[in-house]
Amino acid sequence: KPVRERIYEWMIRWLKDGKGDRFDEPVEMAFNYQLIVTASGQVSADLASREVYEIIREGFEHRRENMSPKEAELIDEIQRLMEPPKGTPPEIRVVEETPGAEYITQKILLETEPGLEVNGTLLVPRTGEVHPGLVLVESGLTPSPLAIDAVHRGVVVLALVPRGLPRSDDRRPFGGEYLMNTRAWLVGRNLAGLRAYDIRRAVDVLAARRDVSNGSIRAVARAEAGVWLLLAAATDQRIRKIWLDKTPHSLRAALDSPTNHYLHMAVIPGFCLKWDLSSLVQAMEGREVIWTDPTDWLGNVVPLAGNFRYRGFEEGDDRIMDEWMR
């Protein structure tokens, strides 16, 4: 009450020419049982009402009925979400180098657009031969076991941390980027598209290396990062094969549940009125997509028909990695 009354006082001072009474009026509080207006106390059960997400989905379906999307429009839309592709590799700064017996590790900063540097780690085999290249979308600066496995298999790996992600796991809460994405909308940009652009700039780095075969650049992403990779691969023919792991299978599926986790890491305003993630796969024009353990927007693996792969209980990455390397 004291806090409320000071707020009233401030409002009256600045918004009502100082005229008014800042003190709360006495209110007789009702008991909980007096507030129940249906038999069970649940409006959704007794009055067959709809939840907010159901109303949103109905509006979506109504707006989608008159859409007739074309593939060329899809590519134009993705290009709009990203910066215009540059013709030269981004500037790179090596901030730390660790030579090893089998490969060299370089901590690098990539300037993907003027004034913006993103973190990456290059793992380069010491054989001096030409190797396949791999862009591995990561969420931290320490190379993952998958990156180490790939370099041992003779792959030049660029483990990329796209813009805006935490640079280390300091165990603070991570809110799924609602604020960052909505701020991007305010200036006419989209977070998923910007991160897809960072992935394409990482491909520029590998394509410019003499020890990387341009015809064998591949990419891997897990969880919501798979959406950024799909956007990048749909518009970049140099990415010959991708592997998505535990990536949500559909943007439209977010409309089927009242709750979603990390949707703002991938959502694109208006996109699913015309297209879905399956449209991005089709836009890759026959280039191989391995999609393992697809999920819903709560992170649950869901059984789906189609070209999806599922691991056995406690199965790791080895079998998929063997197939992906062929």
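Two strands are said to pair if DSSP finds at least two bridges between them. In this predicted model, ten such bridges join β2 to β3, and these two strands run antiparallel; within β3, V118 is the bridge partner of L110.

The neighbouring pair is built in a related way, since strand β1 (residues 91-99) and strand β2 (residues 103-113) also run antiparallel and are joined by eight bridges. These two strands form a hairpin, with three residues between them, and E97 stands opposite Q106 in β2.

| Strand pair | Bridges | Direction |
|---|---|---|
| β1 and β2 | eight bridges | antiparallel |
| β2 and β3 | ten bridges | antiparallel |

Both pairs belong to an open sheet of eight strands, which follow the order β1-β2-β3-β5-β4-β6-β7-β8 with mixed pairing. Because β1 and β8 (288-292) stand at the edges and each has a single partner strand, one side of each is left without a neighbour in the sheet. From one strand to the next, the twist averages 20°.

Helices also meet this sheet. Helix α5 (residues 145-152) packs on it, touching several strands, among them β2 and β3, and its direction makes about 40° with that of β3. Helix α8 (residues 225-235) lies across β4, β6, β7 and β8, and runs at about 165° to β7.

Is G120, a residue of strand β3 (residues 116-125), buried or exposed? G120 counts as buried because its relative accessibility is 4%, while the cut-off for buried is under 20%. Leaving aside residues up to four places away in sequence, G120 touches Q106, K107, I108, L110, L158, A159 and L160.

Key: Residues are numbered from 1 along each chain as its sequence is written. This is a predicted model: local features need pLDDT of at least 70, side-chain atom pairs count only at pLDDT 80 or more; totals for chains, interfaces and linings use all residues. Side-chain values use heavy atoms; hydrogens and water are left out. Buried means under 20% relative accessible area, exposed over 50%, partly exposed in between (1.4 Å probe, protein chains only). Contact means heavy atoms within 4.5 Å. Helices (H or I, at least four residues) and strands (E, at least two) are DSSP runs, numbered from the N terminus. Axes are lines fitted to C-alpha atoms, for helices over the stretch in contact, and angles run from 0 to 180 degrees between N-to-C directions.
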